[in-house]
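Subject: Structure for your review

Dear colleague,

I am handing over the structure we spoke about, and below it you will find my notes on what was found. Please read them with the coordinates open beside you.

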Amino acid sequence: MNRPAPERNHILNALPLAAREHLYPHLKHVVMPFGMVLYESGAVLRHIYFPVDSIVSLLYVLSSGASAEIAVVGNEGAVGVSLFMGGETTPSRAVVQSAGSAYRLSGARLKREFDRHGQLLNVLLRYTQSLITQMAQTAVCNRHHALDQQLCRWLLLSLDRLESNELRVTQELIANMIGVRREGVTEAAGRLQKLGVIRYSRGKITVLDRPRLEALSCECYAVVKTETDRLMGLHRG
Amino acid sequence: MMRAELAKNLLLGRLGTGDLHSLLLESEPVTLRAGAKVMVAGQKVAHVYFPIDCAISLLVETGDRPPVEIGLVGREGMLGVPLILGARQSSASGLVQAPGLAWRVEAGHFMQCLRDSEPLRRRMQCYVHVYMTQLTEAASCKHFHKLTERLARWLLMSADRLQSSELALTHEYLSYMLGVRRAGTTLAARGLQERGLIDYSRGHIELLDRGGLESASCACYAREKKRYAYLMR
């Protein structure tokens, strides 16, 4: 299997060369199959993951088993920020939503690297702020916005993280993420397809008209995107 | 201000003397009015606030609808998390919900203190973790739980932050905080009143039966409280 370069992850890419060279021998490339649980809510974290071409959903799980997504993490970020916040355990479950791979670093090594390269901590802290923005916006979106808009937001956030216009995903998965019934997602996806914005065929969604998809999404997508780009030092070109 | 007074804010109260003193060099006590906006989304954070006996709602504003409350900060916390993370702007606004006293520290000075003191930085990052946990719960609670449960939780959270069983609140304000229509809030509040848990009269809510309210609340309240005690130990 070809290993994607670690620099495809924006956090790793933001590090100075010397810091990268020092860090890379400690990174382990891990395959992330669909549905893999990186950690359960309440679990003690041992690793931080830097996705390169996979997407991980952070889910809040209720005691009834129902769950809702509070954030998505892909090549713009890292999974396991609690590790360096001093929280040890996490309130959410992290599960792979789109298969691919990631680079993994042990918590102990991460802390040692912080002492050596201040930059790594700074980039991770800024990323945490963008994650907070995403979580807050998701709360708003769940409360206020129509399912069709939420679906557009969800597709856009996912696609940005894959840098692709195709997503392998079932409607059932989307329903679980947005926290609605599957029938609702089927209808919403059907409407987007009729408008020529997406094409949906068995477990695969292809975006045909991205500007239109952005126009149909609620403002939440742009808020999260702008803030993430700003904090991570990227600008829309 | 006496240290005992400052220590009413639980974050300040747990700082070492050295860290507390350096923070206080560029700080002042401020009395916050209800409805004052002490942090504006998209603008630079000018000060961090450590509430002593006031409560500040964190709101995310949307284009065409009323803002949504994503958090409530009182004596257990602080306003200005972005600065801890090295960001100068906040994506949420801070609106004073219950008036009172807060201790505020100038933003640049606060960031300098973080750079200078590893223990302070660790303490503050731990609070960021708490804050993220609260956000996580807020998102799912809004999504899944019934209005009455959420109302009970919100009243308990407010009472904890103010250390008072009396809250000055209108139904309109409550609706805003819970993100629902006023009629819904009125109905839910009436339900709690009929069960003898609260006494509501124009702009004023008194918590009569805390135990009862805790049972009426969703599990989020107890869980969050337990987690805070553990994380900030």
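To begin with the packing of a helix on a sheet, helix H6 of chain A lies across strands S8 and S10 of chain A, and its direction is at about 100° to that of S8(A). Please bear in mind throughout that this is a predicted model. Its scores are ipTM 0.84 and pTM 0.88, and for chain B the mean pLDDT is 89, with 99% of the residues of that chain at 70 or more.

The sheet beneath H6(A) is an open one of 3 strands, which follow the order S8-S10-S9 in chain A and pair in antiparallel fashion. Strand S8 (166-168) and strand S9 (198-201) of chain A are at the edges, and each has a single partner strand, so one side of each is left without a neighbour in the sheet. Direction ignored, neighbouring strands of this sheet are turned against each other by 15° on average. Between S9(A) and strand S10 (residues 204-207) of chain A, which run antiparallel, there are 4 bridges, and A:Arg199 is found opposite A:Thr206 in S10(A).

H6(A) also has a helical partner. The axes of H6 (residues 147-162) and helix H10 (residues 220-231), both of chain A, come within 9 Å and cross at roughly 25°. As angles under 35 degrees count as roughly parallel, that crossing makes H6(A) roughly parallel to H10(A), and the crossing itself is right-handed. On the H6(A) side the contact involves A:Arg153, A:Leu156, A:Leu157 and A:Asp160, which meet A:Cys220, A:Tyr221, A:Val224 and A:Lys225 in H10(A). By class, the residues of this contact are 5 nonpolar, no polar and 3 charged.

Chain A holds another open sheet, this one of 4 strands in the order S2-S6-S4-S5, again with antiparallel pairing. Its edges are strand S2 (37-39) and strand S5 (67-73) of chain A, and since each has a single partner strand, one side of each is left without a neighbour in the sheet. The twist from one strand to the next averages 35°. S2(A) is joined by 2 bridges to strand S6 (residues 93-98) of chain A, the two running antiparallel, and A:Tyr39 is placed opposite A:Ala94 in S6(A).

Turning to the interface, 32 residues of chain A are in contact with 32 residues of chain B. On the side of chain A that touches chain B, the elements that give two or more residues are S5, helix H3 (82-85), helix H5 (118-144) and H10 of chain A. H5(A) gives the most to that side, with 16 residues. Divided by class, the side of chain A that touches chain B has 14 nonpolar, 14 polar and 4 charged residues.

In chain B, I would point you to one pair of helices. The axes of helix H7 (residues 147-162) and helix H9 (residues 182-194) of chain B come within 9 Å and cross at roughly 70°, and H7(B) and H9(B) are therefore roughly perpendicular to each other. The residues that meet are B:Leu147, B:Thr148, B:Leu151 and B:Ala152 in H7(B), and B:Gly184, B:Thr185, B:Ala188, B:Ala189, B:Gly191 and B:Leu192 in H9(B). This contact of H7(B) with H9(B) comprises 6 nonpolar, 4 polar and no charged residues.

A general caution applies to any such model: where pLDDT is low, the predicted coordinates should not be read in detail.

With best regards

Definitions and conventions
Residues numbered from 1 in each chain as written. Chains lettered and ligands numbered in written order. Predicted model: local features only at pLDDT ≥ 70, side-chain atom pairs only at ≥ 80, totals over all residues. pLDDT = per-residue confidence, 0-100. Axes fitted to C-alpha atoms, helices over the stretch in contact; angles between N-to-C directions. Parallel < 35°, antiparallel > 145°, perpendicular 65-115°, else oblique. Left-handed = near helix turned anticlockwise from the far one by under 90°. Contact = placed C-beta atoms within 7 Å. Nonpolar A, V, L, I, M, F, W, Y, C, P; charged D, E, K, R; others polar. Pairing = 2+ DSSP bridges.
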